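Trainee: Please take a close look at a single part of this model. Pick one element, say how it sits against its neighbours, and then work outward from there.

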Amino acid sequence: SAFASAMGSFSKSILIYIGNSETDEDLTITRKSFSDEITIIYNLLFQAWLEKEPSKFNIPTVEALGYISNLLPKDKLEEELPKLIPGILTLYEKHEGHFSITECLCRVLEIATEIRFARLKTMMDNLLSSLHQQICLSVDLSKHLPTRSQIAI
(Lines give C-alpha, C1' and ligand atoms only; values in the text may rest on other atoms or scores of the structure.)
Protein backbone atom coordinates (compact mmCIF):
# COMPACT_ATOMS: atom_id res chain seq x y z
CA SER A 1 0.00 0.00 0.00
CA ALA A 2 1.14 3.52 -0.75
CA PHE A 3 0.36 4.68 2.79
CA ALA A 4 2.50 1.97 4.40
CA SER A 5 5.33 2.66 1.99
CA ALA A 6 5.21 6.39 2.71
CA MET A 7 5.13 5.85 6.48
CA GLY A 8 8.00 3.37 6.26
CA SER A 9 10.07 5.86 4.26
CA PHE A 10 9.19 8.64 6.71
CA SER A 11 10.21 6.49 9.68
CA LYS A 12 13.42 5.41 7.96
CA SER A 13 14.26 9.06 7.26
CA ILE A 14 13.71 9.99 10.91
CA LEU A 15 15.97 7.15 12.04
CA ILE A 16 18.68 8.21 9.60
CA TYR A 17 18.42 11.84 10.70
CA ILE A 18 18.58 10.94 14.40
CA GLY A 19 21.45 8.53 13.81
CA ASN A 20 23.50 10.97 11.76
CA SER A 21 26.11 12.52 14.05
CA GLU A 22 26.57 15.43 11.63
CA THR A 23 23.02 16.67 12.29
CA ASP A 24 23.63 17.62 15.92
CA GLU A 25 22.45 21.12 15.05
CA ASP A 26 18.85 20.44 16.03
CA LEU A 27 18.75 18.49 19.28
CA THR A 28 14.98 18.96 19.57
CA ILE A 29 14.35 16.17 17.08
CA THR A 30 14.40 12.86 18.94
CA ARG A 31 12.49 9.60 18.84
CA LYS A 32 10.10 11.11 21.38
CA SER A 33 9.31 13.99 19.02
CA PHE A 34 7.22 11.63 16.88
CA SER A 35 5.99 9.15 19.49
CA ASP A 36 2.28 10.06 19.34
CA GLU A 37 2.12 9.98 15.55
CA ILE A 38 4.22 6.83 15.26
CA THR A 39 2.01 5.04 17.80
CA ILE A 40 -1.08 5.88 15.75
CA ILE A 41 0.59 4.70 12.53
CA TYR A 42 1.81 1.50 14.20
CA ASN A 43 -1.66 0.74 15.55
CA LEU A 44 -3.19 1.30 12.15
CA LEU A 45 -0.71 -0.88 10.28
CA PHE A 46 -0.29 -3.66 12.82
CA GLN A 47 -3.79 -4.02 14.18
CA ALA A 48 -5.68 -3.37 10.97
CA TRP A 49 -3.44 -5.47 8.74
CA LEU A 50 -1.27 -8.00 10.51
CA GLU A 51 -3.78 -9.10 13.14
CA LYS A 52 -6.87 -9.10 10.93
CA GLU A 53 -5.53 -10.02 7.51
CA PRO A 54 -2.31 -12.05 7.87
CA SER A 55 -3.09 -13.97 4.70
CA LYS A 56 -2.77 -10.78 2.64
CA PHE A 57 0.96 -10.30 2.45
CA ASN A 58 1.74 -6.66 1.92
CA ILE A 59 5.46 -6.02 1.46
CA PRO A 60 5.34 -2.25 2.15
CA THR A 61 3.48 -2.85 5.42
CA VAL A 62 6.00 -5.41 6.63
CA GLU A 63 8.89 -3.15 5.66
CA ALA A 64 7.26 -0.13 7.34
CA LEU A 65 6.65 -2.02 10.60
CA GLY A 66 10.38 -2.69 10.87
CA TYR A 67 11.18 1.02 10.79
CA ILE A 68 8.15 2.19 12.75
CA SER A 69 8.83 -0.21 15.63
CA ASN A 70 12.20 1.49 16.11
CA LEU A 71 10.44 4.80 16.80
CA LEU A 72 7.79 3.54 19.21
CA PRO A 73 8.04 4.72 22.82
CA LYS A 74 9.72 2.09 25.00
CA ASP A 75 6.59 1.29 27.03
CA LYS A 76 4.48 0.85 23.88
CA LEU A 77 7.18 -1.28 22.26
CA GLU A 78 7.43 -3.53 25.32
CA GLU A 79 3.66 -3.91 25.25
CA GLU A 80 3.59 -4.75 21.54
CA LEU A 81 6.66 -7.01 21.14
CA PRO A 82 4.89 -10.15 22.47
CA LYS A 83 2.35 -9.73 19.63
CA LEU A 84 4.64 -8.27 16.97
CA ILE A 85 7.38 -10.91 16.96
CA PRO A 86 4.99 -13.91 16.72
CA GLY A 87 3.01 -11.98 14.08
CA ILE A 88 6.12 -11.57 11.96
CA LEU A 89 7.08 -15.22 12.48
CA THR A 90 3.60 -16.28 11.33
CA LEU A 91 4.28 -14.59 8.01
CA TYR A 92 7.13 -17.05 7.41
CA GLU A 93 4.63 -19.92 7.49
CA LYS A 94 2.72 -18.49 4.54
CA HIS A 95 5.56 -16.76 2.68
CA GLU A 96 8.72 -18.77 3.17
CA GLY A 97 12.04 -17.06 2.67
CA HIS A 98 10.77 -13.58 1.91
CA PHE A 99 13.49 -10.99 2.51
CA SER A 100 11.09 -8.27 3.69
CA ILE A 101 9.98 -10.47 6.57
CA THR A 102 13.57 -11.20 7.57
CA GLU A 103 14.51 -7.53 7.33
CA CYS A 104 11.55 -6.50 9.49
CA LEU A 105 12.29 -9.20 12.05
CA CYS A 106 15.92 -8.11 12.20
CA ARG A 107 14.96 -4.49 12.91
CA VAL A 108 12.46 -5.52 15.58
CA LEU A 109 14.97 -7.84 17.28
CA GLU A 110 17.64 -5.12 17.19
CA ILE A 111 15.41 -2.64 19.02
CA ALA A 112 14.19 -5.34 21.44
CA THR A 113 17.81 -6.11 22.29
CA GLU A 114 18.69 -2.42 22.52
CA ILE A 115 15.96 -1.74 25.08
CA ARG A 116 16.84 -4.99 26.88
CA PHE A 117 13.34 -6.42 26.47
CA ALA A 118 13.17 -8.93 29.32
CA ARG A 119 10.58 -11.26 27.77
CA LEU A 120 12.67 -11.78 24.63
CA LYS A 121 14.33 -14.76 26.35
CA THR A 122 10.96 -16.48 26.75
CA MET A 123 10.33 -16.07 23.02
CA MET A 124 13.65 -17.58 21.92
CA ASP A 125 12.48 -21.19 21.44
CA ASN A 126 9.72 -20.14 19.03
CA LEU A 127 12.00 -17.61 17.34
CA LEU A 128 14.90 -20.00 16.84
CA SER A 129 12.59 -22.76 15.65
CA SER A 130 11.09 -20.50 12.99
CA LEU A 131 14.49 -19.23 11.88
CA HIS A 132 15.84 -22.79 11.75
CA GLN A 133 13.00 -23.78 9.43
CA GLN A 134 13.82 -20.82 7.18
CA ILE A 135 17.53 -21.55 7.01
CA CYS A 136 16.85 -25.19 6.13
CA LEU A 137 14.69 -24.28 3.12
CA SER A 138 15.93 -25.26 -0.27
CA VAL A 139 16.55 -22.00 -2.11
CA ASP A 140 16.56 -21.41 -5.83
CA LEU A 141 19.77 -19.42 -6.27
CA SER A 142 18.35 -17.68 -9.34
CA LYS A 143 15.79 -15.93 -7.09
CA HIS A 144 17.38 -12.95 -5.43
CA LEU A 145 15.10 -12.21 -2.43
CA PRO A 146 14.87 -15.73 -0.95
CA THR A 147 18.64 -16.04 -1.25
CA ARG A 148 19.15 -12.67 0.50
CA SER A 149 16.72 -13.73 3.21
CA GLN A 150 18.58 -16.94 3.89
CA ILE A 151 21.92 -15.13 4.01
CA ALA A 152 20.50 -12.54 6.41
CA ILE A 153 19.19 -15.22 8.77
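**Helix α3 and its surroundings**

Mentor: Helix α3, residues 59–69, is mostly covered, with 8 of its 11 residues buried. The model is a predicted one, and the values below are computed from it. The buried set in α3 consists of T61, V62, A64, L65, G66, Y67, I68 and S69.

Now the setting of that helix. The protein contains 7 helices and 0 strands, and its order along the sequence reads α-α-α-α-α-α-α. Of the 153 residues in the protein, 41% are buried. The exposed area of the protein is about 8,700 Å², and carbon and sulfur atoms supply 55% of it. If one takes contacts between residues at least 6 apart in sequence, 69% of them join residues at least 24 apart.

The packing partner to take up here is α5. Two packed helices are described by the angle between their axes and the distance between the axes. For α3 and α5 the angle is about 15 degrees and the axes are 8 Å apart. Angles under 35 degrees count as roughly parallel, so α3 runs roughly parallel to α5. The crossing of α3 past α5 is left-handed. On the α3 side the residues that meet α5 are I59, V62, E63, L65, G66, Y67 and S69. They meet S100, I101, C104, R107, V108 and I111 of α5. Among the α3 residues in this contact, V62, L65, G66, Y67 and S69 are also in the buried set of the helix.

Helix α5, residues 99–114, also packs against α4. The axes of α4 and α5 come within 10 Å and cross at roughly 155 degrees. Because angles over 145 degrees count as roughly antiparallel, α4 is roughly antiparallel to α5. This crossing, too, is left-handed. From α4 the contact takes in L77, L81, L84, I85, I88, L89, L91 and Y92. From α5 it takes in I101, T102, C104, L105, V108, L109, I111 and A112. Four residues of α5, namely I101, C104, V108 and I111, appear both in the contact with α3 and in the contact with α4.

Past the end of α5 there is a backbone detail to check. R116 lies in the loop between α5 and α6, the latter being residues 124–135. Most residues other than glycine have a negative phi. Phi of R116 is near 55 degrees, a positive value in a residue other than glycine. R116 is exposed, with a relative accessible area of 73%.

Back to α4, which spans residues 74–94 and includes E80. E80 is a charged residue to look at for its cover: its relative accessibility is 1%, so E80 counts as buried. Leaving aside residues up to four places away in sequence, E80 touches Y42, F46 and Q47.

Two of those partners form a ring pair with each other. The ring centres of Y42 and F46 are 5.4 Å apart and the planes lie at 10 degrees, so this pair is stacked. Y42 and F46 are 4 residues apart in helix α2, which puts about one helical turn between them. Y42 has 0% relative accessibility and counts as buried; F46, at 2% relative accessible area, is buried as well.

The count of aromatic pairs comes to 2. In the pair of F10 and F34, the rings are edge-to-face, 5.9 Å centre to centre with 85 degrees between the planes. F10 belongs to helix α1, residues 2–19, and F34 to the loop between α1 and α2 (35–51), so the pair ties together parts that are 24 residues apart in sequence. F10 is partly exposed, with a relative accessible area of 39%.

F34 has further partners in that region. Residues up to four places away in sequence aside, F34 touches F10, I14 and I29. The C-alpha atoms of F34 and L72 are 8.4 Å apart in space, although the two residues are 38 apart in sequence.

Conventions
Residues numbered from 1 in each chain as written. Predicted model: local features only at pLDDT ≥ 70, side-chain atom pairs only at ≥ 80, totals over all residues. Heavy atoms only, no water. Helix = DSSP H or I, 4+ residues; strand = E, 2+ residues; numbered from the N terminus. Buried < 20%, exposed > 50% of the residue type's maximum accessible area, 1.4 Å probe, protein only. Contact = heavy atoms within 4.5 Å. Areas by Shrake-Rupley, 256 points an atom, 1.4 Å probe, with all protein chains shown as cover. Phe/Tyr/Trp six-rings, centres within 6.5 Å; stacked < 30°, edge-to-face > 60°. Axes fitted to C-alpha atoms, helices over the stretch in contact; angles between N-to-C directions. Parallel < 35°, antiparallel > 145°, perpendicular 65-115°, else oblique. Left-handed = near helix turned anticlockwise from the far one by under 90°.
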